[in-house]
Amino acid sequence: MNSIQRLMNFFISLAMILGSILMLINPEKGYVVITVILSLGLVFSGIGSILYYFKMARHMVGGKIIFIRGVIVFDLGLFTYSISDIPKIYVLMYLLIIHGFSGLVEILRAIEGKNNGQKRWKLKLSHGVLDFSLALVCLFVIHSVQFTVMIYCFGVFYSALVRMASAFRKTEIVYIQ
Amino acid sequence: MDTDVKIRYFQNNLVTCGLGIITLGLWTNIKALLHFFTEFSQIIADTAKETGLEEEIVLPVFIVVIALIVLIITIWHIQIGMSSIRVGRGRKKHHFYILSAMLLIALNMYDVFYLFDVTTEIPLDAVITTIILDTTLTLVLLDMIISHFALLVLKKR
Amino acid sequence: MQEDFHYYATYCAAFIAGYTHEECMDICYSAQFVDLCSKSFLSGIGAPLSAATTQLQLELMDVRTDIIGLQDITRIWASFHFLPKDLYAVKKWCSKKYINKYRLICGPNGELLAETVKLAKNTSLQAVGTAMHVLADTWAHMYFAGTPSLVINNTDYYFYELIPEGDGYTEKHISFKHSPKSPDNPDKCFYVGSLYQMNENSIMNLGHGRAGHLPDYSFIHYKYLPAWNGYKEVVKDNPSDYYKAFCQMVYAMKYLRGDIDSFKTDTYAYDEVAPYEGRIKEILNTRQLSVSEDFKKFGEELSGRVIEKFDVNKYKEEYVSSSGNDKDKTFLGKFIIAALSQKSMVTNKIYKSGNRLAGVSVDYKSKGFKGIKDFAKLISLRRNWDE
């Protein structure tokens with residue numbers, strides 16, 4: 001990881017920690033902020049995919065699927081923004097699904113890393129399992145919004161800590177003396 | 001372009017378009033369901049008021065109707081997409097899915113024009129997202145139809 | 001390519017070119033060592049990390065794909081395993097970013113190959129071995145690029161093995177599974193390939209990962225659609241390509257020995273190899289994942305001597321126990337110099353073509369020494385040679 005990436009990871013983690021604290025103190029404003037950040041991320045990712053298609057992937061065999069993916073992700077981002085003004089519980093469910101999905105992806109990546117002999121697969125797996133479990137628990141106690149918000153915030157907080165830890169992890173390069 | 005190269009291009013296009021139609025169709029339906037779910041109580045209340053029926057009666061009927069519509073539309077998209085993929089991979093030769101696709105294009109165009117009707121009270125953000133998705137789906141369907149016919153012409157040669 | 005060709009076949013080619021058994025062992029060891037000289041190995045012996053000629057799977061799993069990481073990956077893979085064929089290739093209506101990656105596509109008989117072989121002239125047997133590895137890989141790894149790129153290195157479902165039947169071939173569809181622990185099974189057309197990743201710079205899109213190990217099997221004959229070729233099919237006849245690689249290695253080594261005045265691309269020592277053609281083609285067409293034993297037997301018959309099994313730790317002690325400038329005189333020391341030279345040359349050529357994917361190359365004469373300290377060794381060596 002280079003210094004810029006470490007710095008970016010640190011600030012993203014800080015934003016996640018602040019976001020989760022804000023959501024606990026003031027759930028009304030907190031989840032709107034999180035939804036807006038999430039929607040912006042998705043919109044830019046979608047635009048990125050579309051631009052990538054026009055710059056590079058249009059020359060690739062079967063590259064059109066990248067354009068379609070870009071449109072879907074862009075639309076997902078706009079949709080995420082549009083639901084930021086609806087009742088809290090539905091937004092929470094939507095955020096939980098996304099959180100649960102990212103947990104599942106992390107688990108799959110950890111298993112793949114383990115099969116390829118990667119060292120840090122256990123950390124990835126534990127992170128993924130925790131994310132996914134939290135999302136599941138939240139779905140079962142969704143009737144109690146406060147309780148759900150607490151569990152969700154804990155999940156975001158934990159993810160932020162893991163990200164921050166990876167930002168400070170030493171890169172394995174030996175310097176010849 | 002060499003004829004073989006063109007054939008491969010259009011076959012690959014059919015497969016890509018097929019995948020795209022399935023993905024776009026699924027996402028459109030998921031979005032519609034989420035929209036419905038978030039405005040659930042308002043829709044039930046409005047419908048009960050208009051029809052004069054009790055909400056307890058309107059609710060299950062509404063759920064069944066919505067579920068059926070979503071299921072039919074999902075299956076429709078998957079049918080077109082899978083047929084396109086099969087034709088693209090040379091496993092099947094049929095044209096019915098083209099008629100099906102043309103009907104879907106007509107429905108999409110109607111949906112888009114309906115959004116421009118200023119008398120409807122659809123929020124702007126919903127209008128934009130729907131236009132983007134429906135337009136993309138229409139373009140993908142058109143691309144698929146063009147590829148299908150181009151492939152027919154090339155294979156006859 | 002694998003150990004069967006880089007180690008044993010290179011030994012055979014070196015012997016046919018006129019080298020002695022001991023010289024052949026040094027050459028073939030160096031050729032195979034290119035596939036194992038990773039940063040992990042070099043750090044273990046206290047050697048310059050910039051001399052790394054490969055990246056192990058474990059290193060690749062943790063490597064970052066930011067701009068610096070990508071340049072490091074490209075320097076290694078483009079210099080030793082996917083030597084670009086044409087750094088000035090032209091493709092219409094493409095962005096600069098696309099063209100840069102397109103120009104790194106590997107292929108045999110490019111200008112860089114001639115430079116690689118000439119670079120090894122009058123140096124060391126280790127340099128000869130390194131050059132032979134690079135030469136052989138231009139045949140096996142053609143149509144792929146030594147930089148992570150989805151738009152260049154991707155493959156799709158259109159992948160067929162061409163199995164000889166009578167006068168023609170039958171096509172058998174190949175599907176790749178992402179199951180690293182399962183071995184390839186040629187009888188069932190079951191092959192392992194890397195996972196599809198939509199990210200342009202993902203490690204899964206490096207080299208021929210998307211085609212699995214197929215380019216490295218000497219027996220296989222297949223066709224597929226490269227991502228960059230505009231839906232034009234490519235037919236890869238590995239037995240024929242490997243035979244050409246073998247004959248070209250013999251020709252190159254005859255040049256390096258001084259038997260031939262100049263090295264020209266697209267030239268092969270068919271006459272010298274002719275007495276052994278049947279035997280070599282029989283080995284190459286053997287439908288098995290590795291033909292090491294067959295090439296070993298052939299090599300031992302040629303020289304009448306035993307070819308030792310490859311041992312990556314063979315020269316470790318010699319390097320570790322020496323100190324200062326004496327390290328450069330050891331086997332690994334000479335290999336390191338050869339690797340640094342090759343990497344420096346290829347990076348320079350790529351940079352001069354206007355492509356920054358392999359990083360920046362500094363002209364020492366005009367700008368003085370800048371950059372990675374490990375390469376300073378080449379400057380001091382050049383001074384010694386001049387003196």
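In this predicted model, 15 residues of chain A touch 18 residues of chain B. Most of the action on the A side sits in one place: helix α3 of chain A, residues 64-82, gives the largest share of the side that touches chain B, with 10 residues. Sorted by class, the chain A side of that contact has 11 nonpolar, 2 polar and 2 charged residues.

For a close-up from the B side, take T23(B). This threonine belongs to helix α1 of chain B, residues 3-38. Leave out its neighbours within four places in sequence, and T23(B) is in contact with I68(A) and I72(A). Is T23(B) buried, exposed or partly exposed? T23(B) has 19 other C-beta atoms within 10 Å, and burial takes 20 or more, so T23(B) counts as partly exposed. Within chain B, there is also G81(B) to look at: T23(B) and G81(B) are 58 residues apart along the chain, and their C-alpha atoms are separated by 8.9 Å.

Stepping back to chain A as a whole, it has 6 helices and 0 strands. Reading from the N terminus, the order is simply α-α-α-α-α-α. Of the 177 residues in chain A, 32% are buried. Take the chain A contacts with a separation of 6 or more, and 64% of them join residues 24 or more positions apart.

**Chain C: two domains**

Chain C splits into domain 1, made of 3-146 + 240-386, and domain 2, which covers 151-238. Domain 1 is therefore written as two stretches of sequence, by an automatic or database domain assignment. Going by C-alpha atoms, the centres of the two domains of chain C are 24 Å apart.

Where they meet, 28 residues of domain 1 of chain C are in contact with 21 residues of domain 2 of chain C. Which helices supply at least two residues each to the domain 1 side of this contact? They include α5 (67-80), α6 (96-102) and α10 (238-257) of chain C. That domain 1 side breaks down into 18 nonpolar, 7 polar and 3 charged residues.

**Helix α1 of chain C and its partners**

Two helix pairs in chain C share α1, residues 3-17. Here they are next to each other:

| Helix pair | Axis distance | Angle | Residues in contact by class |
|---|---|---|---|
| α1(C) and α2(C) | within 8 Å | roughly 150 degrees | 8 nonpolar, 3 polar, 2 charged |
| α1(C) and α10(C) | 9 Å | about 50 degrees | 11 nonpolar, 1 polar, 2 charged |

Start with α2(C), residues 21-33, whose axis crosses that of α1(C) at roughly 150 degrees. Angles over 145 degrees count as roughly antiparallel, so that is the label for α1(C) and α2(C). The crossing of this pair is right-handed. On the α1(C) side, the contact uses E3(C), H6(C), Y7(C), T10(C), Y11(C), A14(C) and F15(C). Facing them from α2(C) are E23(C), C24(C), I27(C), C28(C), A31(C) and Q32(C).

Now for α10(C), which packs on α1(C) at about 50 degrees. This angle makes the two helices oblique to each other. The crossing of α1(C) and α10(C) is right-handed as well. From α1(C), the residues involved are F5(C), A9(C), T10(C), A13(C), A14(C), I16(C) and A17(C). They meet Y242(C), F246(C), M249(C), V250(C), M253(C), K254(C) and R257(C) of α10(C). T10(C) and A14(C) turn up in both of these contacts.

**Two loop residues with positive phi**

Most residues other than glycine have a negative phi. Chain C has a couple of residues worth a look on that score. W93(C) is not a glycine, yet its phi is positive, at about 55 degrees. Where is W93(C)? It lies in the loop between α5 and α6 of chain C. W93(C) counts as exposed, because it has 7 C-beta neighbours inside 10 Å.

N109(C) is another non-glycine residue with a positive phi, this one near 60 degrees. Its place is the loop between α6 and α7 (111-119) of chain C. With 17 C-beta neighbours inside 10 Å, N109(C) is classed as partly exposed.

Technical notes:
Residues are numbered from 1 along each chain as its sequence is written. Chains are lettered from A and ligands numbered from 1 in the order in which they are written. This is a predicted model: local features need pLDDT of at least 70, side-chain atom pairs count only at pLDDT 80 or more; totals for chains, interfaces and linings use all residues. Two residues are in contact if their C-beta atoms, placed from the backbone, lie within 7 Å. Helices (H or I, at least four residues) and strands (E, at least two) are DSSP runs, numbered from the N terminus. Ala, Val, Leu, Ile, Met, Phe, Trp, Tyr, Cys and Pro count as nonpolar, Asp, Glu, Lys and Arg as charged, and the others, Gly among them, as polar. Axes are lines fitted to C-alpha atoms, for helices over the stretch in contact, and angles run from 0 to 180 degrees between N-to-C directions. Angles under 35 degrees count as roughly parallel, over 145 as roughly antiparallel, 65 to 115 as roughly perpendicular and the rest as oblique. A crossing is left-handed if the near helix is turned anticlockwise from the far one by less than a right angle, and right-handed if clockwise. A residue is buried if 20 or more other C-beta atoms lie within 10 Å of its own, exposed if 12 or fewer, and partly exposed in between; C-beta atoms are placed from the backbone.
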